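Reader: Please take one loop residue in this chain and go through it closely. After that, I would like its surroundings set against the rest of the fold.

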Amino acid sequence: MARTPAIPMETPYKGSFEAEGDILQYHAVIAGTDDHQVKELERGESGDGVNIEGVAQEDALDGNSVPVVHFGITWAFASGAITRGDEVEAIYSATAAENGRFKTISGAYGAGKMISGIALEDAEDGAKFKLFLHRRKQVALS
C-alpha cells in the first residue's frame, strides 16, 4: 500500500519525502519508485526538460527524510551562466555534483518539456541562485 508523502495542506508548496538514493541540497529531484520517495535525475531520463518533483532543501542519504519545495522561491545551483529573468530547466549529468542543476533554456523548446522556473538573479556556473520554481509544460505552438 502506498504511503502519502507528508505534504501539509495549509502550505502545500513543500513536503517531506524519503530519499531513494543520495540527494544533494538545492538540486532538482524526480518522483521515486513509491509515491513517498524522490530521487536524483537518472541516466535514461529524457535529459534536459525532465519532469521534476521539486528542489531538495537538504542533503539526504538513501532512506532518510528530505524536504522538497514543489512551488515558489528556493535556492538552486546553476549549470552554466544564468541571467536574471531566464527560464530554466533541470538537467541530468553523469557527474553527481552537477546532476539536478538548472540551466537557461535556449533555442526551440519542444512541446511536453518541463520549464522548471525563472531565475530571480544572475549566477555563474556552479553558483547558488534564487529560483522561482513553477514547473510548467511547454505547449505545442500552432
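Author: Tyr 26 has a relative accessibility of 13% in this predicted model, and because the limit for buried is under 20%, Tyr 26 counts as buried. Its place is in the loop between β1 and β2. The backbone of Tyr 26 also deserves a look: its phi is positive, about 65°, although the residue is not a glycine. Most residues other than glycine have a negative phi.

A second positive phi can be set beside this one. Arg 135, also a residue other than glycine, has a phi near 40°. Tyr 26 is a loop residue, whereas Arg 135 belongs to strand β10, residues 128–137. Their accessibility can be contrasted too: Tyr 26 is buried, while Arg 135 is partly exposed at 29%.

The loop that holds Tyr 26 also holds Ile 23, between β1 (14–19) and β2 (28–31). With a relative accessible area of 2%, Ile 23 is buried. What does Ile 23 touch beyond its neighbours within four places in sequence? Its contacts are Val 29, Val 38, Lys 39, Glu 40, Ala 56, Glu 58, Asp 59, Ala 60 and Val 66. Leu 41 lies 18 residues from Ile 23 along the chain, and the C-alpha atoms of the two are 9.7 Å apart.

One of the contacts of Ile 23 is Lys 39, which has a charged partner of its own. Lys 39 forms a salt bridge with Glu 42, with 3.2 Å between the closest N and O atoms. Lys 39 is buried at 13%, whereas Glu 42, at 34%, is partly exposed.

Next come the strands on either side of the loop. Both β1 and β2 belong to a barrel of five strands, closed in the order β1-β3-β2-β4-β5 with mixed pairing. On average, neighbouring strands of this sheet are turned by 55° against each other, direction ignored. Within the barrel, β2 pairs with β4 (residues 54–56) in the antiparallel sense, over two bridges. One residue pair can be named here: Ala 28 has Val 55 of β4 as its bridge partner. Ala 56, which falls within the residue range of β4, is among the contacts of Ile 23.

The nonpolar packing is divided. The largest nonpolar core has 19 residues, and those with the most contacts inside it are Ile 52, Ile 82, Phe 102, Phe 129 and Leu 131. Two or more of its residues come from each of β2, β7 (87–90), β9 (114–119) and β10. The biggest share is that of β10, with three residues. Where does Ile 23 belong? Ile 23 is part of a second, separate core of nine residues, which also includes Phe 17, Val 29 and Val 38. Of these, Val 29 and Val 38 are also named as contacts of Ile 23.

Away from the loop, β7 can be followed through its pairings. β7 and β9 run antiparallel and are joined by two bridges, with Glu 87 standing opposite Ile 118 in β9. β7 also runs antiparallel to β8 (residues 102–104), here with three bridges. In that pairing, Ala 90 has Phe 102 as its bridge partner, and Phe 102 is among the residues with the most contacts inside the largest core.

How many salt bridges does a search of the whole structure find? It finds three, one of them being Lys 39 with Glu 42. Another joins Arg 136 to Glu 87, with the closest N and O atoms 2.2 Å apart. This pair links distant parts of the chain, as Arg 136 in β10 and Glu 87 in β7 are 49 residues apart. Both residues are partly exposed, Arg 136 at 34% and Glu 87 at 32%. The side chains of Glu 89 and Lys 103 also meet in a salt bridge, at 3.9 Å from N to O. Here Glu 89 lies in β7 and Lys 103 in β8, 14 residues apart. Glu 89 is buried at 5%, but Lys 103 is partly exposed at 25%.

Last, the chain as a whole. The protein chain has zero helices and 10 strands. Of its 142 residues, 39% count as buried, Tyr 26 being one of them. Among contacts between residues at least 6 apart in sequence, 61% join residues at least 24 apart. The accessible surface comes to about 7500 Å², and carbon and sulfur atoms account for 51% of that area.

Key. Residues are numbered from 1 along each chain as its sequence is written. This is a predicted model: local features need pLDDT of at least 70, side-chain atom pairs count only at pLDDT 80 or more; totals for chains, interfaces and linings use all residues. Side-chain values use heavy atoms; hydrogens and water are left out. Helices (H or I, at least four residues) and strands (E, at least two) are DSSP runs, numbered from the N terminus. Buried means under 20% relative accessible area, exposed over 50%, partly exposed in between (1.4 Å probe, protein chains only). Contact means heavy atoms within 4.5 Å. Two strands pair if DSSP finds at least two bridges between them. Axes are lines fitted to C-alpha atoms, for helices over the stretch in contact, and angles run from 0 to 180 degrees between N-to-C directions. Accessible areas come from the Shrake-Rupley method with a 1.4 Å probe; for residues, only the protein chains shown count as cover. A nonpolar core is a set of buried Ala, Val, Leu, Ile, Met, Phe, Trp, Tyr and Cys residues joined through side-chain atoms within 4.5 Å. A salt bridge is a side-chain nitrogen of Lys or Arg within 4 Å of a carboxyl oxygen of Asp or Glu.
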